[in-house]
Amino acid sequence: MPSPDALLSSVFGFDAFRPGQAEIVDAVLAGRNTLAIMPTGGGKSLCFQLPALCRDGVTVVISPLIALMRDQVRALREAGVEAGALTSGNTEDETNAVFQALDEGRLKLLYMAPERLASGGTLNLLRRIGISLIAVDEAHCVSQWGHDFRPDYLRIGDLRRALDVPLAAFTATADEETRAEIVTRLFDDAQPDIFLRGFDRPNIHLAFAVKSGPRRQILDFAAARKGQSGIVYCATRAKTETIAAALREAGHAACHYHGGMDPQDRRDVETRFQTEDGLIVVATVAFGMGVDKPDIRWVAHADLPKSIEAYYQEIGRAGRDGAPAETLTLFGPDDIRLRRTQIDEGLAPAERKAADHGRLNALLGLAEALACRRVSLLGYFGETEVTCGQCDLCDTPPDTFDGTQPVRMALSAILRTGEWFGAGHLIDILIGNETEKVRARGHQDLPTFGIGKDRAKGEWQAIFRQMMGHDLVRPDPERHGALRMTHAARPILRDEAAITLRRDTMVTARRAPAKTLVSEEDAPLLSALKAQRRALAEAQRVPAYVIFTDRTLIEMAETRPATLDEMARISGVGAKKLERYGAGFLEVITGDLSENMHPSRRKLAGRAQGDLYDRLLEVQADLARGATGTDKPLSCSASLLAKVATLRPTDEGALGQLLGARRADRFGPAFLEVLKEA
Ligand code: ADP
Ligand code: ZN
């Protein structure tokens, strides 16, 4: 059995496992039932692809989306792995090729949509071809209570029973309930080995900003990241269209996407996004699970998401390749009102609504956080050891003040008006603004009238928003959104608790300029490498990242490999890709064609044999005309040298057999010396 470490570098071109991968690979290789919960971008696919290559037989991979399967298959083929998919999207030729590879015993990974499991023929097929492992991607699709439930996933349990082979399930969704459901439905309640990886995505920068001209804010954010792929999430369909239009007007490549669109139009956007470099998609949350692009460089929320889980999932689509990615989430009082109303007016039972308010509260807590966002985000998922330095609040700590007094004033205004009014009217009362509405209700006579006049209206708005954010007050849908006090506010009202608030600086909207992916010095090279990648991707009609990910190109731009050997050391450059693309990218870097390596030598690039080959070549050159320099020229072919470097004979006899008498006579002793040193 080939070792996983060796294949990690030779096939995938990675020099180390990501955190957590090695343990999972070991368990799957050992044939144990496993459930691995890893954040998006954590590198789940490798955890079944690698064992599939090491093990005998075929691994069947159940995956919910055809587009995802096709991309994985393409990426595997690029890396020289025999993989295929049986989906309803196949052409007849594609299907025939898969069957042929199966019959010839070549295929290592067979991707399959869950729908296929419904047909009796499929089970027979899988029995016949010797499946040795079942891998289930997006295993949470088996959960009936989740958003992504796929009834056909329920057939996987039967499949496992019928084939009686180990099963490895993967998901990024970690909540307790879903986990339990996966164990029940996929493993018949027999406890699998569970691996729970931390939720941190350290390469994603987190930032929130209070809305102050949201369209402008989004345009500014996108402008600073021109040419990078990004997603803008909006709460409504109409907004996706207007923002996409505004972005196009500003010179970006942008399109909208929402559930109301024709299925074909939606697929077109998905395909464009997947293959085009630097496209922006402005979407509702309908743009979700089908997005499997590893090089999304930013995600912006034009509106507040509905819960902390939704937020985490949406920003998590950025930077799956591990290279830096940025996010910006805009929010304001209207968002809070909208999200609360959606929960209240939904059809869920009462306890579900209470839980949903709780999830929204967690997100609002994050939005109004006074210290590191990562600490509060990961804290929600139960993680306590957090290092950050990658959020807006770590970049610039907020300006805070003791808000206890003004909050009490506001609460008192709410209570004295019977909890029947919204923030606008309440602020008029606090600052002593005698409007018609105030006079009509006689509110100018309240003791609270004008008690807050030393603060500007904008400051009060920020205070009310934060009170909503801390869930001290909630809009009541039965009173047209009037603010009502919650239990959480009582200790403050009674002066038993204090509260710290942040001073809103409207400047926050104008965020610091975007972090560039590479230094100014390396930027031109990175663009040149991207252009090379685009040309190759277009020629082969594959997404750019299938050739190389951003992260790989960034490493090339920064380390500037000068030879194919150095190129081979770049993360993401496996043997197949080195052979296919190495020279081309090297040319871009070195700017010339000097690296004219013989193909036999190229195959050894990055390996110890490569060095050996070079030394043999040197020795051979010295002896080309014999020790005296007067003999007839003689040399070994490149493939012969490669053979010597690979087989490393250490005695005269073995070497002589490879070289033949004449060459052994001239080069034998010198070669042996080199081989013994190595
Ligand atoms: P997910 O967990 O979301 O399914 P993927 O399997 O798609 O994540 O992996 C995300 C990205 O990370 C891919 O571009 C993949 O090539 C890369 N990757 C996975 N494992 C490693 C590794 N050990 N070293 C470097 N990159 C890796
Ligand atoms: Zn932080």
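A salt bridge here is a side-chain nitrogen of Lys or Arg within 4 Å of a carboxyl oxygen of Asp or Glu. Keep that in mind for the first stop.

This is a predicted model, in which local features need pLDDT of at least 70, side-chain atom pairs count only at pLDDT 80 or more, and totals for chains, interfaces and linings use all residues. Residues are numbered from 1 along each chain as its sequence is written, chains are lettered from A and ligands numbered from 1 in the order in which they are written, and side-chain values use heavy atoms, with hydrogens and water left out.

**The whole thing**

Zoom out. The C-alpha atoms fill a box of roughly 115 × 60 × 45 Å, taken along the principal axes. Colour by secondary structure and you get 31 helices and 18 strands; these are DSSP runs, numbered from the N terminus, with helices being H or I of at least four residues and strands E of at least two. Of the 678 residues, 51% count as buried. Buried means under 20% relative accessible area, exposed over 50% and partly exposed in between, with a 1.4 Å probe and protein chains only. Among contacts (heavy atoms within 4.5 Å) between residues at least 6 apart in sequence, 72% join residues at least 24 apart.

**Salt bridges**

Now select R155 and D152. They form a salt bridge, and the closest N and O atoms are 3.0 Å apart. R155 is partly exposed at 36% relative accessible area, whereas D152 is buried at 17%.

Next, pick R160 and D188, another salt bridge, with 3.1 Å between the closest N and O atoms. R160 sits in helix α7 (residues 156–163) and D188 in the loop between α8 (176–187) and β7, so this pair ties together parts that are 28 residues apart in sequence. R160 is buried at 13% relative accessibility; D188 is partly exposed at 36%.

Jump to D334 and R337, whose closest N and O atoms are 3.0 Å apart in their salt bridge. Both are in helix α13 (residues 333–345), three residues apart, which separates them by about one helical turn. D334 is exposed at 56% and R337 partly exposed at 27%. For a bigger selection, try D277, R297, D321, R533, R534 and D550: salt bridges that share partners join them into one network. The whole structure has 41 salt bridges.

**An acid without a partner**

Go to D428, in helix α18 (residues 423–431). What is the nearest side chain of opposite charge to D428? It is K457, 4.7 Å away, and D428 is buried with no salt bridge. For charge, Lys and Arg count as positive and Asp and Glu as negative, while His and the chain ends are not counted. Show the surroundings: leaving aside neighbours within four places in sequence, D428 contacts N433, T435, V438 and F449.

**Helix α2 and its neighbours**

Select residues 21–29, which make up helix α2; its buried residues are Q21, I24, V25, A27, V28 and L29. They pack against α1 (4–10), β1 (34–37), α3 (44–54), β5 (131–136), β6 (167–171) and β7 (193–196). Just after α2, look at G31, which takes a positive phi of about 80°.

From there, move to D103 in helix α5 (residues 92–103). D103 is exposed, at 57% relative accessible area. Add I129: the two are 26 residues apart in sequence, but 7.6 Å apart in space, C-alpha to C-alpha.

**Cysteines**

Are you hunting for disulfides (pairs of cysteine sulfur atoms within 2.5 Å)? A search of the whole structure finds zero. Select C54 and C47 to see one case: the C47 sulfur is the closest cysteine sulfur to that of C54, yet at 12 Å it is too far for a bond. C54 is buried at 4%, and C391 is buried too, at 0%.

**The cavity**

Last stop. A cavity is a set of points, on a 1 Å grid over the protein atoms alone, where a 1.4 Å probe fits but cannot get out, and lining residues have an atom within 4 Å of a point. Grid points are joined across faces, edges and corners, and a volume is the space filled by probe spheres set on the points. There is one cavity of 30 Å³ or more, and the largest cavity holds about 70 Å³ of space. Select its lining: F199, D200, R201, I204, L206, Y312, I315, G316, R374, L377 and L378. The elements giving two or more residues to that lining are α12 (308–315) and α15 (373–380). The largest share, three residues, comes from α15.

Notes
A disulfide is a pair of cysteine sulfur atoms within 2.5 Å. On a 1 Å grid over the protein atoms alone, a cavity is a set of points where a 1.4 Å probe fits but cannot get out, and a pocket is an open set with protein on both sides within 12 Å along at least five of seven lines; lining residues have an atom within 4 Å of a point.
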